[in-house]
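Visitor: I would like to take a close look at a single part of this structure, the surface where protein and DNA meet. Could you guide me through that part slowly and then show me what lies around it?

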There are 2 protein chains.
Amino acid sequence: MDNNVTVDDKGKLKCSIEYTLQKIGGKWKTVILWHLSVEGTYRYNELRRLLPGVTHKVLSQQLKELEADGLINRKQYNEMPPKVEYSISERGITLMPLLQEMHKWGTENGEMN
Amino acid sequence: MDNNVTVDDKGKLKCSIEYTLQKIGGKWKTVILWHLSVEGTYRYNELRRLLPGVTHKVLSQQLKELEADGLINRKQYNEMPPKVEYSISERGITLMPLLQEMHKWGTENGEMN
DNA sequence: CGGCATCCGAAACGATACTG
DNA sequence: CAGTATCGTTTCGGATGCCG
């Protein structure tokens with residue numbers, strides 16, 4: 001098993017596991033992806049209601065990053081009032097086995113306080 | 001598919017995915033576990049050399065948390081000079097499928113700059 | 001409605017020095 | 001050798017207000 005951990009010239013770690021963590025490590029990202037994968041599509045404020053505790057700024061931040069990373073799609077309707085729909089992307093779907101593993105491990109090992 | 005996302009009375013998210021993320025979300029934790037799973041046992045300073053860039057404090061912090069979470073074992077020899085060996089625990093081994101998924105996804109999706 | 005800008009506090013991370 | 005203590009920095013998340 002190759003561990004695939006290398007280091008660049010500045011001492012920074014270059015590791016595919018760390019790369020993955022960077023993409024989904026945000027506090028709400030996994031949950032957002034999880035919701036979108038289940039339901040298919042949500043509007044901005046619908047997501048907000050699904051994630052009690054998340055603030056305005058942080059939610060849009062995480063959505064933006066997820067979109068920038070190609071993990072979700074953002075569809076904007078130019079209406080008044082505005083309407084934006086988020087859905088999981090093809091690439092985001094490839095994360096599902098991983099999320100399921102995380103969910104499985106957490107369920108089997110977490111005391112859930 | 002049950003999304004297994006609930007909220008406690010303080011608005012805090014209780015979700016098995018987030019639980020997993022808390023356990024392995026530290027900057028070096030996955031890499032430490034990965035190394036230990038490959039090699040079996042490392043001494044403190046060996047790990048340090050494997051993780052260029054990690055500082056003294058942060059490494060011992062992460063090791064301490066991993067140990068507290070039962071994911072690694074710490075064996076201390078009362079010699080002079082001191083000798084401490086870290087190894088992966090039974091519980092830590094249950095994380096391997098997850099780490100492999102993370103590694104796989106990162107390899108397939110990461111540009112690795 | 002769906003943002004963005006600003007400010008703030010907390011937490012994570014890091015550099016350095018000291019210790020049994 | 002394998003840490004701990006202290007301090008500083010950086011990053012992340014949160015509160016609030018403004019805007020098209």
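Guide: What follows goes through the two DNA strands in turn and then turns to some aromatic side chains and one residue beside them. Please keep in mind throughout that this is a predicted model.

Let us begin with DNA strand D, which is surrounded by 22 residues, and the closest of these are A:Thr55, A:Lys57, B:His56, B:Arg74 and B:Tyr86. If you sort the residues of this surface by character, you find eight nonpolar, seven polar and seven charged. On the DNA side, 58% of the atoms of strand D within 4 Å of the protein belong to sugar or phosphate, while the rest belong to bases. The elements that each supply at least two residues of the surface near strand D include α4 (56–68) of chain A, and from chain B there are α3 (44–50), α4 (56–68) and β5 (83–88).

Some individual contacts with phosphate oxygens of strand D can be picked out here. In the side chain of B:Arg43, an N or O atom is 2.9 Å from a phosphate oxygen of DNA strand D, whereas B:Asn45 has a polar backbone atom at 3.2 Å from a phosphate oxygen of that strand. From chain A, a polar side-chain atom of A:Trp28 lies 3.4 Å from a phosphate oxygen of DNA strand D.

Now turn to DNA strand C, around which 21 residues are found, the closest being A:His56, A:Arg74, A:Tyr86, B:Lys27 and B:Lys57. The residues of this surface divide into eight nonpolar, six polar and seven charged, and of the atoms of strand C within 4 Å of the protein, 60% are part of sugar or phosphate, with the rest in bases. For A:Asn45, a polar side-chain atom lies 3.2 Å from a phosphate oxygen of DNA strand C, and for A:Lys64, an N or O atom of the side chain is 3.5 Å from a phosphate oxygen of the strand. A:Val84 takes part through its backbone, with an N or O atom 3.4 Å from a phosphate oxygen of DNA strand C. Two or more residues of the surface near strand C come from each of α3 (44–50), α4 and β5 (83–88) of chain A, together with α4 of chain B.

Away from the strands, a search of the whole structure finds two aromatic pairs over all chains. In one of them, the rings of A:Tyr19 and B:Trp105 have centres 6.3 Å apart and planes at 25 degrees, so the pair counts as stacked, the cut-off for stacking being planes under 30 degrees apart. Because A:Tyr19 lies in helix α1 (residues 16–24) of chain A and B:Trp105 in helix α6 (residues 96–109) of chain B, this pair joins two chains. Both A:Tyr19 and B:Trp105 are buried. The rings of A:Trp105 and B:Tyr19 also have their centres 6.3 Å apart and their planes at 25 degrees, so they too are stacked. This pair crosses from helix α6 of chain A to helix α1 of chain B, and A:Trp105 and B:Tyr19 are both buried.

Finally, A:Thr20 is found in helix α1 of chain A, and it counts as buried because its relative accessibility is 0%. Its side chain reaches the backbone oxygen of A:Ser16 at 3.0 Å. Leaving aside residues up to four places away in sequence, A:Thr20 touches A:Leu98, B:Met102, B:Trp105 and B:Gly106.

Definitions and conventions: Residues are numbered from 1 along each chain as its sequence is written. Chains are lettered from A and ligands numbered from 1 in the order in which they are written. This is a predicted model: local features need pLDDT of at least 70, side-chain atom pairs count only at pLDDT 80 or more; totals for chains, interfaces and linings use all residues. Side-chain values use heavy atoms; hydrogens and water are left out. A residue is near a molecule or strand if one of its heavy atoms lies within 4 Å of it. A polar contact is a pair of N or O atoms within 3.5 Å; within protein, one must be able to donate a hydrogen and the other to accept it, and residues adjacent in sequence count only if both atoms are side-chain atoms. Helices (H or I, at least four residues) and strands (E, at least two) are DSSP runs, numbered from the N terminus. Ala, Val, Leu, Ile, Met, Phe, Trp, Tyr, Cys and Pro count as nonpolar, Asp, Glu, Lys and Arg as charged, and the others, Gly among them, as polar. Rings of Phe, Tyr and Trp (its six-membered ring) pair if their centres lie within 6.5 Å; planes under 30 degrees apart count as stacked, over 60 as edge-to-face and the rest as tilted. Buried means under 20% relative accessible area, exposed over 50%, partly exposed in between (1.4 Å probe, protein chains only). Contact means heavy atoms within 4.5 Å.
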